[in-house]
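Here is a friendly walk through a protein model and the ligand it holds. Have the viewer at hand as you read.

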Amino acid sequence: MNRLTNKTALVTGASRGIGRAIAERLGRDGALVAVHYSTNSEAAEQTVKTIVAAGGRAFAVQAELGVPGDVEVLFDGVQAGLKEHGGRVELDILVNNAGIMGGVAPEDVTPELFDRLMAVNAKAPLFILMRALSVMPDGGRVINISSGLTRVSNAQEVAYAMTKGAVEMIALHYAKHLGSRGITVNSVAPGVTNNGSEIFNNPDAVAFMSNLSAFGRVGEPTDIGDVVAFLASDDARWITGAFIDASGGSLLG
Ligand code: NAP
């Protein structure tokens, strides 16, 4: 299926986890994919290799997000990569996926931790979107990765959840603004998703996390990649400003 042939895509945080699965799926669908990462160049190159091995096109782009000048560094790399790969320098699809969690007791959130979470998870996506819009043609797609924690309580992640609440506002407020250009803006909220981190090797923890879902398992990154690929496609042209629950029914209570 090559429903994204001749499209270009940027997926932030695509070296690992959910972002990697999104990038791989968009690559399989035919898009030329900018695989963004921060520090893990080897992992980003692995994502690129997987896309290329499947017959797709991709390149890696480094930029630390949440620091001054991040957006310009990112777009210098994206535009250079698009040129080098013979694509248009326009960006059809933006997936704001890169994110960090807090993981501290609610009594231990510091102003510094809060600022860092907000800078990476909410401020960077907004300013990446604003920059992307100058090179996004009509009919473009913006997908922001939020979290089920904007709908269910977890005190360990209060600051993180606040940043995800903030990033969801992008869809609400930009979707209408960009409707005349046929650009859709949506939020996708995963539940617990196996990103390969240590906790997913602990059977007791996995059993507990599996019980949160109506399907009795944790999510796989491809579960999210497939949802994002749908939103990126022409089939989703009538969906904008939406909050898409991609938690495997974890929000049903
Ligand atoms: P992950 O495996 O921890 O990977 C994070 C990705 O973001 C990596 O590619 C990393 O790059 C990049 N990144 C992290 N900090 C960055 C920074 N400051 N600047 C630039 N890039 C940075 O993440 P994940 O679990 O797949 O999560 C992906 C998204 O889904 C996040 O927005 C997360 O909040 C959301 N989410 C995840 C879950 C879950 O259970 N996994 C649930 C709900 C929502 P490097 O490899 O270079 O470090």
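What follows describes the ligand's surroundings and then one residue in a strand.

This is a predicted model, in which local features need pLDDT of at least 70, side-chain atom pairs count only at pLDDT 80 or more, and totals for chains, interfaces and linings use all residues. Residues are numbered from 1 along each chain as its sequence is written, and side-chain values use heavy atoms, with hydrogens and water left out.

Let's begin with the ligand. Around the ligand are 30 residues, and those that come nearest are Ser 15, Thr 39, Asn 97, Tyr 160 and Asn 195; near means having a heavy atom within 4 Å. By type, the shell holds 12 nonpolar, 14 polar and 4 charged residues.

The table lists polar contacts of the ligand, that is, pairs of N or O atoms within 3.5 Å.

| Ligand atom | Protein partner | Distance |
|---|---|---|
| nitrogen | Leu 65, polar backbone atom | 2.8 Å |
| oxygen | Tyr 160, side-chain N or O atom | 2.5 Å |
| oxygen | Lys 164, side-chain N or O atom | 2.8 Å |

On its own the ligand has 900 Å² of accessible area (Shrake-Rupley method, 1.4 Å probe), and the protein covers 90% of that. Helix H1 (17-28), strand S2 (32-37), helix H4 (111-133) and helix H5 (158-178) each give two or more residues to the shell; helices are DSSP runs of H or I with at least four residues, strands runs of E with at least two.

Now for strand S2, which contains Val 33. Val 33 counts as buried because its relative accessibility is 0%, and buried means under 20% relative accessible area with a 1.4 Å probe, protein chains only. The C-alpha atom of Val 33 is 4.8 Å from that of Ala 9, although the two residues are 24 apart along the chain.

How values were computed: A polar contact is a pair of N or O atoms within 3.5 Å; within protein, one must be able to donate a hydrogen and the other to accept it, and residues adjacent in sequence count only if both atoms are side-chain atoms. Ala, Val, Leu, Ile, Met, Phe, Trp, Tyr, Cys and Pro count as nonpolar, Asp, Glu, Lys and Arg as charged, and the others, Gly among them, as polar. Buried means under 20% relative accessible area, exposed over 50%, partly exposed in between (1.4 Å probe, protein chains only).
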